[in-house]
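Reader: I'm new to this one, and I'd like to go through it with you step by step. Could you show it to me before we start?

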Amino acid sequence: MLWNTGIRRVALWTIGVLAAFGSCSAALAQDATQKAEKVETIFADFNGNDYGDWKVEGSAFGDAPVKGTLPGQMQVSGFIGDGLVNSFYGGDKATGKMTSPEFQIARDYINFLIGGGGVPGVCLELVVDGEVVRKASGPNLVPGGTEALEWSSWNVADLKGKKGFFRIVDEATGGWGHINVDEISFSDKRRGFVELTRDLNVSGRYLTLPIKTGGAESWVRIECDGKVVREFTAAISSSNDEKKPGDFVSYVDMAPYRGQKIRVVVERIPADCELAPFGFEEEFHHGEVAYGEKYRPQFHFSPRVGWMNDPNGLVFHDGVYHLFYQHNPMSVNWGNMTWGHAVSPDLLHWTEVADALYPDELGTIFSGSGAVDVNNTTGFQKDPNGSAPLVFMFTYNGPSMRYGNLASQALAYSLDGGKTLVKYEGNPTIPHIVGGNRDPKIFWHDPSQKWVCALYLDGEDYALFGSKDLKKWNELCRIERLGCSECPDIFELAIDGDENNKAWVFWGGNGKYLVGDFDGREFKSRTAPLDAKWGGNDYAAQTYSDTPGRRIQFSWMQGGVYPDSPFNQQFTVPRELTLRSTADGPRLCINPVVEVETLRGNALQLQKSGSAADFTLVPQEGDSKDYELLDCEAVITLGDEPAVVELRGRKILLDPAEKKMTHDGVVAPLEVVDGNVKLRLILDRVSLEIFANDGLSQIAKCFVPEDENDAPLLRVQGAKEAKATIWPMKSVWN
Ligand code: FRU
């Protein structure tokens, strides 16, 4: 039978199928006189009992189309009829190749169903004049995924009249090393999803891409001179999409390609859709996002658009605080890890500038740190009168822009005060050691005249490395079983401000820390792992380099929610870390940096009303509803019973018997000193930070605010007395 008319729309128009396809194909006959509906012609439906005139090599394809799922394979679905090409014969390790008979291209589109692996080495190719002119593969890269086939299309209008053939390749032997193909057809219309390309001249520094939040993401690559220069996943808006709150314009820095021709390839967009227009802009802050969104933090840092996690590369230089961060400029979800960048003179008022480090063929850009190379140990500064290089060490994580190597550590530098980061050509500087090794934190250790790098290895283990030039490293020691993973930090602090009595702190991702000694070779802990955090939204903190006399930290408020916003996640307020003597030995204290006070307006004149056991402090004049952003210092005098302190309705339970404070499900230790608890409360639109006992205990917590908040400014129940000073805070965006 030639036509499987029952299961498809049939084309009876001039077609380009010239060869004979035996039992595996359908479309042969053509009747140019029949002017029936001109939709599509099946080239190969793989419903027969053999591959017909296709040439089959190797073992992966067996010797006939597969009737669905092979032994050991997840359920294969989405194929048409009773057969398909499925190179899982012999499992993922088998390899092979199938080559079709030659045909002439006579229609605008080639449509096909495709599924299986997306790893290198598995693909369906169109070969014309001896060259692969189109290529497609399945969607799966990592374990899990799906064996479903989906429609894909190639626009081949530019190849009309040429002869070509298909090749189905399976050279991959690892996970997802197989491909599923069915229903190859010629058509005047695309089916399912298609690849769209756009050729552009780089006429401004930033390529602007319209992004929709919530849509399916597809691979997008930007090619220049035939080389892929940017590659990422994104949900690019199409002209059919209605604009939703949270949609945004992403800026891709194309400075290196200015004036050149680029091709943007969006690999998967529903057929019959047009991409919304792309553009070029010189300036970064155009577009519709202006920090005015409903759930935008008002004095905590958040990215203009996209996802953000860990603070990275924190360095102070020439009066400027640099804040780099894990950024997904293309989506409000984690992915495409890139270093975002913002600068500030005071740690509060930030100007976001272009993304600083983009993924490349070595990997996506995971967390890392920065410092000033005061002595030019790297030799990056060639000009004897030039300024000291800024140096940055980061993790390259595979899969890279798309495929990658195992995680390794790498170096970048800046000779223009952080405006441009240049990747060192000798990367990686520390090749893969173990597991997901990552997150290098560097500092210059003056006594031993070398750089030291703290690195997360695997499990709960870390290591220190040493180097004279940041390029060649040797391992110094290991710090094992810290009780957490990721994002190390290490620094020396004076105990109680006494410069003659110092200790070193080694810090891990969730705020576990050790107090100890470091001699340039070995870190010797004086303590078991201690806690500086007890939950809440507080993770992957990092401290600044080159802020003499102060240890300033930002932490990612991991897990906050910002409905319908074009950005996702925020940092804590900048905080200063100190070591204070306690009965148990020196312990870390975390407090807001003094700069936070510059955002205070005039202190409110509070008056007390209510009973002795349940009273409120309200401003003498004005409506408390106006006080959305607050800084509060309070001393609460407790009896034996627990007390509840509520700042604008956000409750903190103070329990003197249990020596605990609880806020929104987070429980942290509490000291009652001479009957009193000292609190510092920092309330922004979408977060509350609580610092108790001068920073010995603290909780950082995000929330989604109610539309109306009638709660009193400060309410205290069950305490003996409360004294408080409250300041309205200024937004940094005004
Ligand atoms: C911590 C972390 C790091 C990693 C980065 C990736 O949140 O997982 O270990 O470098 O985020 O975004």
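Author: What follows is a short chat about the fold, the strands, the core, the rings and the cysteines.

Reader: What should I know before reading any values?

Author: This is a predicted model, in which local features need pLDDT of at least 70 and side-chain atom pairs count only at pLDDT 80 or more, while totals for chains, interfaces and linings use all residues. Residues are numbered from 1 along each chain as its sequence is written, and side-chain values use heavy atoms, with hydrogens and water left out.

Reader: OK, how many helices and strands are there in the protein chain?

Author: The protein chain has 0 helices and 52 strands, where helices (H or I, at least four residues) and strands (E, at least two) are DSSP runs numbered from the N terminus. Its C-alpha trace spans about 100 × 60 × 50 Å along the principal axes.

Reader: And what share of the residues is buried?

Author: Of the 734 residues in the protein chain, 57% are buried; buried means under 20% relative accessible area, exposed over 50%, and partly exposed in between, with a 1.4 Å probe and protein chains only. As for contacts (heavy atoms within 4.5 Å), 65% of those between residues at least 6 apart in sequence join residues at least 24 apart.

Reader: Which strands form an open sheet?

Author: One open sheet has 4 strands in the order 23-24-25-26, with antiparallel pairing, and two strands pair if DSSP finds at least two bridges between them. The edge strands are strand 23 (364-372) and strand 26 (422-423), each of which pairs on one side only. Strand 23 is joined to strand 24 (residues 390-397) by 7 bridges, and within strand 24 it is Met393 that stands opposite Ser369.

Reader: What does strand 12 pair with, and in which sense, parallel or antiparallel?

Author: Strand 12 (residues 193-201) runs parallel to strand 9 (residues 150-155), joined by 2 bridges, and there Ser152 has Phe193 as its bridge partner. Strand 12 also pairs with strand 17 (residues 261-270), in the antiparallel sense and over 8 bridges, with Val264 as the bridge partner of Arg198.

Reader: And strand 4, which strands does that one join?

Author: Strand 4 (residues 96-99) pairs with strand 2 (residues 55-58) in the antiparallel sense over 4 bridges, where Val56 is matched with its bridge partner Met98. Another 4 bridges join strand 4 to strand 10 (residues 163-170), again antiparallel, and in strand 10 the bridge partner of Lys97 is Val169.

Reader: Changing topic, which residues touch the most other members of the largest nonpolar core?

Author: Leu323 and Tyr544 do, in a core of 48 residues; a nonpolar core is a set of buried Ala, Val, Leu, Ile, Met, Phe, Trp, Tyr and Cys residues joined through side-chain atoms within 4.5 Å. Leaving aside residues up to four places away in sequence, Tyr544 touches several residues, among them Leu314, Phe316, Leu323, Trp350 and Phe554. A second, separate core of 33 residues includes Tyr627, Cys632, Leu679 and Ile726.

Reader: How many aromatic pairs are there?

Author: A search of the whole structure finds 40. Rings of Phe, Tyr and Trp (its six-membered ring) pair if their centres lie within 6.5 Å, and planes under 30 degrees apart count as stacked, over 60 as edge-to-face and the rest as tilted. For Phe301 and Tyr325, the ring centres are 5.3 Å apart and the planes are at 50 degrees, so this pair is tilted. Phe301 lies in the loop between strand 18 (279-281) and strand 19 (306-317), whereas Tyr325 is in strand 20 (residues 320-328), 24 residues apart.

Reader: Are those two buried or exposed?

Author: Phe301 is buried, with a relative accessible area of 2%, and Tyr325 is buried as well, at 0%. Ring pairs link both into a cluster that also includes Phe316, Trp350 and Tyr544.

Reader: Which charged end sits over the ring of Trp151?

Author: That of Arg191, 3.9 Å from the ring centre; a charge sits over a ring if NZ of Lys or CZ of Arg is within 6 Å of the ring centre and within 35 degrees of the ring normal. Similarly, the charged end of Lys608 sits over the ring of Phe615, 4.2 Å from its centre.

Reader: Last one, why does Cys589 form no bond with Cys632?

Author: Because the sulfur of Cys589 is 19 Å from that of Cys632, its closest cysteine sulfur, which is too far for a bond. A disulfide is a pair of cysteine sulfur atoms within 2.5 Å, and by this rule the count is 0. Cys589 is buried, with a relative accessible area of 1%, and Cys632 is buried at 0%.
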